[in-house]
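Below are my notes on this model. Please read them with the structure open.

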Amino acid sequence: MLKVDVTTNSLTTSQGAGRAGDKVFSGAAMTAGCLILAVLFGVALFLVVQALPAFVAPAADIQGGQGFAAYIWPIVLGTLIAALIALVIATPVAIGVALFISHYAPRRLASGLGYVIDLLAAIPSVVYGAWGAAFLSKEIAPGYDWLANNLGWLPIFQGPASATGKTILTAGIVLSVMVLPIITSLSREIFLQTPKLHEEAALALGATRWEMIKMAVLPFGRPGIISAVMLGLGRALGETMAVALVLSSGVLTASLIQSGNQTIAAEIALNFPEASGLKVNTLIAAGLVLFVITLAVNMVARWIITKHKEFSGAN
Amino acid sequence: MTLTAPVTRKRSALTKGQLPKFAPYVVLAVALVLGAAILALIGFNAFGWGVVSAILFTLGLVAWSGVVEGARKAKDKLATCLVVGAFLVALLPLVSVIWTVLVNGIPGIITPGFLGTSMNGVTGSLDNKAVEQGTKVLGGVYHALVGTVQITLLATVISVPVGLLTAIYLVEYGNGRPLARAITFFVDVMTGIPSIVAGLFAAAFFFAVVGPGTKTGAVAAVALSVLMIPVVVRSSEEMLKIVPNELREAAYALGVRKWRTILKVVIPTAISGIASGVTLAIARVIGETAPILVTAGFATTINNNVFGGWMASLPTFIYTQILNPTSPSNPGPSDQRAWGAALVLIILVMLLNLAARLIARIFAPKAGR
């Protein structure tokens, strides 16, 4: 399989060609690497350039007529609300699933079960959106009625509940399904890295399986879980289709079970295809805001992971 | 106290104070029966039965364990129930999504001509006629398939060389230099770019370079490459890293240049992993909707030119058919086409995932005998 071709006739010519080849090849590799940095820089640059008109335009020209800040503020909050709902639901389930695959499932089944959860990540987002709009929102609408009737005194469950179920809570649930495989796969990796000696020491001292997990696995995996949740947050913030198809959008409202609220990504997707003039710049500016938010979230997550890597390497 | 007394006490401690092996099955049977009874009182449905039974099972088992085995074991049982429950909860949406797509998509996909015709000339009145007179739903996904294949191919052609070369730089030339560390960090960050921002970047780039309002398949391909490159880099990097150093050193010892070592030794050894990583990257971007929506527009006709004119793709086809039905008064035919397209898309993605696994297995380097 691994044939090494060294049957060259002349040493000198092959060396000359080889030296040039070395230069060309390493140069190409480095150029490709730099290209990636350039692309990321370009993403920021072109977004800023195209967004600039929206920042400097007179307030009355921006959609809503009160300037860019007034336009972006509610949808930033909407984005955060939807992502927060997704994380609150997905995090405990994802950690449970990761523990199940790493410490509970029979060894032989574990990798297969991991693949099943990874299938969740393989389903395209637009299909999730269609599922949320056609199936989930209808099924869940009676539940919202119940919430409005019984927990209506809480501002987040204030009635009247949306009859179609196309609310920010439904969108958040769909988002939670989409971030679940991300949090699961990362936490699973970390849990599997727990030093075997720690686990066996805990078990040898008479700990039950849960006590072993509580004392050995979770403390070891905490930084990993935190960064996994942050990466899930990054995905939930930027996810477009689930929200665009599921949510019947509107102004910012505190109640999660009424129609209303909007996220940045969905706002762009719904309006960009028909936009023209300053509206395009406004939407690109909104995209820039989203980019900055997710970039910050992801960088913090990656920073935690790198710190953790050094720590576990020293172990 | 005699010497033997502790021994007998220890023995009895081993056998007593434990639930019998069949305990979970007994509790499960009781929980299922009780659950059915409770559900029968308030109106039976299978989903509610499952949930109520699961809760009853957990409560029953934990309570019994608490009485017989003590609080620590009971807590352990509770944790086990919760962890297994979390896994079952995670399976629910997967099963539900696949079931919904199958049920709604099969009528669309078995309509003759669904895969072979475009939406050219399919108007609202034709859809109304299909609903009122029960004739077959016209129109199909051919134009979207063409667009998806072309855009994804172009994105692959852009991403694979860049991604692979970057991975080679990181593994073979980087060894911890500041540039390599910066690239690794920003590739990780790039993985998290929201897909719609990648789309906006490509749109903004082409608006600035070519002219405002430029929307073609090529713009979409650039947007998809931004999403695809980091995935390719990450997977190729992992694969190149696990190529044993002995192989490289053997090649160097024979006087082979570094670039030829990489091309002839390192890459052939890692090719199965690289190929399956690329296939997975394709599977990831083929379902992206948002970046195509803002870069390629949507067309109803077949466009074979990726560099000119608006282009349809499967995800945007699904999106527009659901959000803006061809006939607003009768959205049925549009829904049918959308679900049919969703089924086609899911089948494509699953096939790509399967192909990735097969590639990894078939082309894996043979271990020496």
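1. Helix α2 of chain A covers residues 67-104. Its 38 residues reach 54 Å from first C-alpha to last, close to the 56 Å expected at 1.5 Å a residue; the expected span is 1.5 Å times one less than the number of residues. Helices here are DSSP runs of H or I with at least four residues, numbered from the N terminus. α2(A) bends by about 35° at Ala90(A), and Pro92(A) follows within four residues. The bend is the angle between axes fitted to the seven residues ending at a position and the seven starting there.

2. A caution on the source: this is a predicted model, where local features need pLDDT of at least 70, side-chain atom pairs count only at pLDDT 80 or more, and totals for chains, interfaces and linings use all residues. Residues are numbered from 1 along each chain as its sequence is written, while chains are lettered from A and ligands numbered from 1 in the order in which they are written.

3. Helix α9 of chain B, residues 217-241, also has a kink, of about 35° at Leu227(B). The proline Pro230(B) comes shortly after. The helix has 25 residues and reaches 35 Å, close to the expected 36 Å. Of these 25 residues, 23 are buried (20 or more other C-beta atoms within 10 Å of the residue's own, C-beta atoms being placed from the backbone).

4. How many residues of chain A are in contact with chain B? There are 73, set against 82 residues of chain B; contact means C-beta atoms, placed from the backbone, within 7 Å. Helix α1 of chain A (residues 11-56) gives the largest share of the chain A side, 21 residues. That side divides into 54 nonpolar, 15 polar and four charged residues. Nonpolar means Ala, Val, Leu, Ile, Met, Phe, Trp, Tyr, Cys and Pro; charged means Asp, Glu, Lys and Arg; the others, Gly among them, are polar.

5. Look at Gly33(A), in helix α1 of chain A. Why does Gly33(A) count as buried? Because 27 other C-beta atoms lie within 10 Å. Beyond its neighbours within four places in sequence, Gly33(A) is in contact with residues including Thr166(B), Tyr169(B) and Ile183(B).

6. The largest nonpolar core has 201 residues. A core joins buried Ala, Val, Leu, Ile, Met, Phe, Trp, Tyr and Cys residues through C-beta atoms within 7 Å. Val127(A), Phe201(B) and Ala342(B) touch the most other members. α2(A) gives the most to this core, 18 residues.

Technical notes. Contact = placed C-beta atoms within 7 Å. Helix = DSSP H or I, 4+ residues; strand = E, 2+ residues; numbered from the N terminus. Buried ≥ 20, exposed ≤ 12 C-beta atoms within 10 Å, placed from the backbone.
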